[in-house]
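Visitor: Could you take me slowly through one part of this model, the aromatic rings and the sheet beside them in the numbering? I work at the bench, so please give the cut-offs as you go.

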Amino acid sequence: MALNHFISFPRLGSNAWIKFIQRPTSTSTQDLISYACSICGAPCKSQAGLNYHYIKRHSGKLSSYLRRNPVETYVQIFGTNYKSLSTRELRYANGLVVTLEGKHRGFWYSFVNGQGGGPLKAISHALDTANFSETMKMALQISGLKPSQFLDLQMEDDFEAVNPDTSIWDATKMARINTAKSIWSACEPLKGTLAARYLIEHRKIPTQTLSLLFFKFLGPSKGYREFIDSDTYETKTNGNPALVVPVQDGFGTLTGVQRIYLDSMTGNKFAKYSRTKFSKGVIKNSAAVIQKAQFNQPLILCEGPETGASLAAAFPHVSVLASLSLANLQGCGEVVKAQSPSQVIVAGDLDDNVANQELLRFHFQSLQDQMDVEIRLIVPCCSLRKHGDWNDILIDQGISEIKRQIRL
Ligand SMILES: [Zn+2]
């Protein structure tokens with residue numbers, strides 16, 4: 001579980017205060033005998049009963065209280081090593097954002113793994129526990145309140161009416177999907193655009209491959225709708241030109257997009273930003289669609305869009321999907337199965353870091369467990385490199401070398 005926790009939450013806990021305070025013990029003799037509520041003292045007959053008691057009696061109020069002062073709350077959960085803090089939001093590395101104002105105040109969202117919710121869900125993740133009693137004990141500790149103070153606390157009704165860890169989270173998720181759909185509909189076909197130039201000139205993708213790719217181009221100053229909830233939106237204008245990659249779930253529904261920002265002078269990835277790839281929508285349990293083939297054909301699953309385009313160039317008759325992150329590899333299972341492939345190739349990236357190799361194998365095995373067809377893991381063999389992907393093979397040695405290393 002610890003490994004799984006690390007994977008789904010790469011930044012969480014790295015500098016988090018929560019690691020340094022004593023984890024609540026749930027196996028004391030007292031708990032085993034009576035399962036008493038640590039807040040009001042009510043006795044329960046079982047752990048499940050106690051969890052239910054916490055949810056019914058105390059969770060809404062405690063969550064609301066923690067959301068009142070979101071900065072104080074979340075630096076204790078996610079750590080003090082944040083990237084930026086404004087009146088609107090608290091931002092951490094890897095696309096983890098806490099909203100500080102408006103009706104979503106005190107909610108967090110991770111753009112990388114498509115998860116979010118209220119403070120209690122964040123604490124459960126940080127503790128890596130499915131035991132709600134542990135979460136509640138830690139939440140009370142973070143609030144700084146004694147049980148008696150918490151019980152005496154009067155909360156405004158409107159703040160408590162919202163169930164922070166389900167309803168708003170679903171609405172937020174839907175808003176992000178709608179924003180992604182709006183961006184996608186503002187895009188234009190690839191041919192003749194800067195994105196086509198990027199793929200051909202800088203990534204050495206053959207021109208004839210482009211017509212098979214699902215990529216599109218988002219021009220500068222194109223407008224789209226950024227949804228705040230199901231029917232409220234702001235009109236936004238795109239800045240720099242971008243290559244846009246569609247992200248779909250197992251039903252073939254668009255759930256997200258990834259934008260790769262390009263420098264309009266050079267046609268290459270935008271060098272001014274250290275990070276040029278920005279996802280919008282829900283990525284987790286979905287996959288980027290690079291190329292789609294008929295059913296009963298082989299399917300290649302890789303990590304990034306450019307490496308995917310390189311594989312599509314070598315194999316025009318197979319489906320190519322990209323997980324967009326190592327952590328989402330196992331989340332692609334449903335999308336892969338929806339293509340009814342005859343066999344599955346996971347085309348990984350070459351990385352001489354042993355920990356990353358372990359992670360790749362771990363995620364591959366998790367995906368393998370979901371499959372009922374042959375599935376293989378193939379990592380590129382580059383004699384000159386310690387790190388590399390299939391696009392490096394294409395650039396260095398050409399399409400024939402990709403075909404030599406991946407035999408279908
Ligand atoms: Zn109680």
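Guide: What follows treats the rings, then the charges over rings, then the sheet, and lastly two loop residues.

This is a predicted model, in which local features need pLDDT of at least 70 and side-chain atom pairs count only at pLDDT 80 or more, while totals for chains, interfaces and linings use all residues. Residues are numbered from 1 along each chain as its sequence is written, and side-chain values use heavy atoms, with hydrogens and water left out.

Rings of Phe, Tyr and Trp (for Trp, the six-membered ring) are paired if their centres lie within 6.5 Å, and the pair is called stacked with planes under 30 degrees apart, edge-to-face over 60, and tilted for the rest. By this rule there are 6 aromatic pairs. In one of them, the ring centres of Y74 and F78 are 5.5 Å apart and the planes stand at 25°, so this pair is stacked. Both residues belong to helix α4 (residues 70–78), where they are 4 residues apart, about one turn of the helix; helices here are DSSP runs of H or I with at least four residues, strands are runs of E with at least two, and both are numbered from the N terminus. Y74 counts as buried because its relative accessibility is 0%, and F78 counts as buried at 3%, where buried means under 20% relative accessible area, exposed over 50%, and partly exposed in between, with a 1.4 Å probe and protein chains only.

Another pair is Y261 with F278, whose ring centres are 5.8 Å apart with planes at 70°, so that pair is edge-to-face. The pair links distant parts of the chain, since Y261 is in strand β10 (residues 254–261) and F278 in strand β11 (residues 277–281), 17 residues apart. Y261 is buried, with a relative accessible area of 10%, whereas F278 is partly exposed at 25%. Returning to the helix, Y74 and F78 form one aromatic cluster together with Y82, Y92 and W108.

Charges also sit over rings, which is counted if NZ of Lys or CZ of Arg is within 6 Å of the ring centre and within 35 degrees of the ring normal. K61 lies over the face of F150, 4.9 Å from the ring centre, and the charged end of R176 is placed over the ring of Y109, 3.9 Å from its centre.

As for the sheet, 5 strands form an open, antiparallel arrangement in the order β1-β2-β3-β4-β5, with two strands taken as paired if DSSP finds at least two bridges between them. The edge strands, each pairing on one side only, are β1 (84–85) and β5 (115–117). β1 and β2 (residues 89–92) pair in the antiparallel sense over 2 bridges, and L85 stands opposite L90 in β2. R91 is also in strand β2 and is partly exposed, with a relative accessible area of 29%. Leaving aside neighbours within four places in sequence, R91 is in contact (heavy atoms within 4.5 Å) with Y82, K83, S84, L96 and V97.

Two loop residues complete the tour. Most residues other than glycine have a negative phi. N285, in the loop between β11 and β12 (287–291), has a positive phi of about 65° although it is not a glycine, and N285 is partly exposed at 45% relative accessibility. N296 likewise has a positive phi of about 65°; N296 lies in the loop between β12 and β13 (299–302) and is exposed, with a relative accessible area of 57%.
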